[in-house]
Amino acid sequence: MSEVLMIFVVGYILLSLILIPFQYRYVEQMEKMRKANEMKGISQGEMMENMKFEEQVLHANVQGSMLFILPNILATIIYKVKHRDRTAK
């Protein structure tokens, strides 16, 4: 039983490592959209309302899927570490 659990845990970690670059690009694009909309005076709620239905569904799946939790957290941490000098200015 513990061997099966270990296989699932190791598999999830490997899958998460593979997904980090994709999640990083997603986090990066969402941050660019947020900054562009912030300059226009559009709030995040309005940004979500202005998205097409397909984009809203994709966003909800990426953010809400249990499969993407670890890669999303790691990608967000990597993004914040890489861009902390730019955000501090």
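Me: Which residue forms a salt bridge with Glu 38, the closest N and O atoms being 2.9 Å apart?
Reply: In this predicted model, where local features need pLDDT of at least 70, side-chain atom pairs count only at pLDDT 80 or more, and totals for chains, interfaces and linings use all residues, the partner shares a helix with Glu 38, four residues apart, or about one turn of helix H1. Residues are numbered from 1 along each chain as its sequence is written, and side-chain values use heavy atoms, with hydrogens and water left out. A salt bridge here is a side-chain nitrogen of Lys or Arg within 4 Å of a carboxyl oxygen of Asp or Glu, and the partner of Glu 38 is Arg 34.

Me: Which other residue is linked with Arg 34 and Glu 38 in a network of salt bridges?
Reply: The structure holds two salt bridges, and one of them joins Arg 34 to a glutamate with the closest N and O atoms 2.4 Å apart. This glutamate and Arg 34 both lie in helix H1 (residues 2-40), three residues apart, a helix being a DSSP run of H or I with at least four residues, numbered from the N terminus. The residue that completes the network is Glu 31.

Me: Is Glu 38 buried or exposed?
Reply: Buried means under 20% relative accessible area, exposed means over 50%, and partly exposed lies in between, for a 1.4 Å probe and protein chains only. Glu 31 has 19% and is therefore buried, while Arg 34 has 33% and is therefore partly exposed. Glu 38 has a relative accessible area of 53%, so this residue is exposed.

Me: Which residues does His 83 touch, not counting residues up to four places away in sequence?
Reply: His 83 lies in the loop between helix H4 (69-82) and helix H5 (84-88), and with a relative accessible area of 11% this histidine is buried. Contact means heavy atoms within 4.5 Å. With those sequence neighbours not counted, His 83 touches Tyr 24 and Glu 28.

Me: With which residues is Asn 72 in contact, leaving aside its neighbours within four places in sequence?
Reply: Asn 72 is found in helix H4, and at 11% relative accessibility this asparagine counts as buried. Once the neighbours within four places in sequence are left aside, the residues in contact with Asn 72 are Gln 23, Val 27, Val 62 and Gln 63.

Note on methods: Helices (H or I, at least four residues) and strands (E, at least two) are DSSP runs, numbered from the N terminus.
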